[in-house]
Amino acid sequence: MSGRAGETPDRTPGLTLVSHAGKPYRFDPGTLCLELTTTGGPGAFARWEVLHEPSDLVAWAGRSRLPDGLDLTVSAEELEQARALRDAVFLLAADRAHGRSLQTAPLDVVNAAAAGPPLVARIAPDGTRAWAPGATGSRLLATVARDAIDLFTGPFADRVRECGAHDCHLLFVDTSRPGRRRWCAMEHCGNRAKVRTHRARHTSTES
Ligand SMILES: [Zn+2]
């Protein structure tokens with residue numbers, strides 16, 4: 001979905017990604033666990049890996065739809081677990097998107113991560129939201145894994161989709177009322193498709 005005028009950019013859910021041509025665009029996968037799938041993925045998607053160091057996971061959490069102010073400590077082991085959870089969510093979401101049955105191995109990874117204690121929110125005396133101290137990578141992953149369980153078992157489980165562009169592979173959940181979202185972002189793959197359709201139409205009328 002492209003951003004609407006008047007939205008505050010910093011609190012609009014979603015991540016800023018950069019196209020092959022170097023143009024930034026806004027991608028809202030619709031839920032926290034799918035935001036993690038933009039950091040790389042299993043198999044051939046490993047070349048897009050951005051979680052190289054614990055600080056990369058901290059940076060992702062800061063860019064994610066989680067409320068601000070998280071003071072996160074991440075170990076090397078937790079970083080490795082984050083990549084494993086990310087790959088598991090990626091596989092499950094792709095299976096969901098293509099109507100395949102869910103595989104046991106990635107389900108085990110998600111369930112194991114979800115079993116741990118999650119991040120804890122607090123309310124401050126002035127009524128503002130804050131995070132409890134002691135936020136760790138494991139707690140972050142438990143929160144992400146629980147979000148994945150909510151997604152894959154919830155009302156939008158059959159609205160998990162892969163972007164309609166053949167070369168994109170970004171995964172999102174379509175939470176729109178009409179449920180007709182096809183693209184990762186209208187301003188990115190949506191426009192590329194429009195240009196292609198336009199060109200194809202012109203070519204066929206010319207020939
Ligand atoms: Zn796309």
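1. The crossing of helices α3 and α4 is left-handed. In this predicted model, their axes lie 8 Å apart and the packing angle is about 130°, which means that α3 is oblique to α4. On the α3 side the contact is formed by A84, L85, A88, V89, L91 and L92, and on the α4 side by P106, L107, V109, V110 and A113. By class, the residues of this contact are eleven nonpolar, no polar and no charged.

2. Helix α4 (residues 104–114) also packs on helix α5 (residues 137–153), where the axes come within 7 Å and cross at roughly 125°. This angle makes α4 oblique to α5. The crossing of α4 past α5 is left-handed. V110, N111, A113 and A114 are the α4 residues involved, and they meet L141, A142, A145, R146, A148 and I149 of α5. This contact divides into eight nonpolar residues, one polar and one charged.

3. For the pair α3 and α5, the axes are 10 Å apart and the angle is about 10°. The two helices are therefore roughly parallel. From α3, the residues E78, Q81, A82, L85, V89, L92, A93 and R96 take part; from α5, they are met by G137, S138, L141, V144, A145, A148 and F152. Here the division is ten nonpolar, three polar and two charged.

4. Some residues recur across these contacts. L85, V89 and L92 of α3 are listed in the contact with α4 and again in the contact with α5. V110 and A113 of α4 meet α5 and also take part in the contact with α3. On α5, L141, A145 and A148 appear in the contact with α4 and in that with α3.

5. The largest nonpolar core has 36 residues, of which L57 and L140 touch the most other members. At least two residues come from each of α1, α2, α3 (76–97), α4, α5 and β8 (171–173). The greatest contribution is from α3, with nine residues. Apart from neighbours within four places in sequence, L57 is in contact with L36, L51, V74, L79, A82 and L140. A second core, separate from this one, has 14 residues, including Y25, L170, F172 and C189.

6. The loop between α1 (32–36) and α2 (54–63) contains G40. G40 has a relative accessible area of 5% and is therefore buried. Once neighbours within four places in sequence are set aside, the contacts of G40 are F45, W48, E49, R86 and F90. G40 and L51 are eleven residues apart in sequence, and their C-alpha atoms are 7.7 Å apart.

7. T37 is placed in the loop between α1 and α2. Its relative accessibility is 7%, so T37 counts as buried. Not counting residues up to four places away in sequence, T37 touches R86, V89, F90 and L171. R86 and F90 are thus listed for T37 and also among the contacts of G40. V89, which T37 touches, is one of the α3 residues that meet α5.

Technical notes: Residues are numbered from 1 along each chain as its sequence is written. This is a predicted model: local features need pLDDT of at least 70, side-chain atom pairs count only at pLDDT 80 or more; totals for chains, interfaces and linings use all residues. Side-chain values use heavy atoms; hydrogens and water are left out. Axes are lines fitted to C-alpha atoms, for helices over the stretch in contact, and angles run from 0 to 180 degrees between N-to-C directions. Helices (H or I, at least four residues) and strands (E, at least two) are DSSP runs, numbered from the N terminus. Angles under 35 degrees count as roughly parallel, over 145 as roughly antiparallel, 65 to 115 as roughly perpendicular and the rest as oblique. A crossing is left-handed if the near helix is turned anticlockwise from the far one by less than a right angle, and right-handed if clockwise. Contact means heavy atoms within 4.5 Å. Ala, Val, Leu, Ile, Met, Phe, Trp, Tyr, Cys and Pro count as nonpolar, Asp, Glu, Lys and Arg as charged, and the others, Gly among them, as polar. Buried means under 20% relative accessible area, exposed over 50%, partly exposed in between (1.4 Å probe, protein chains only). A nonpolar core is a set of buried Ala, Val, Leu, Ile, Met, Phe, Trp, Tyr and Cys residues joined through side-chain atoms within 4.5 Å.
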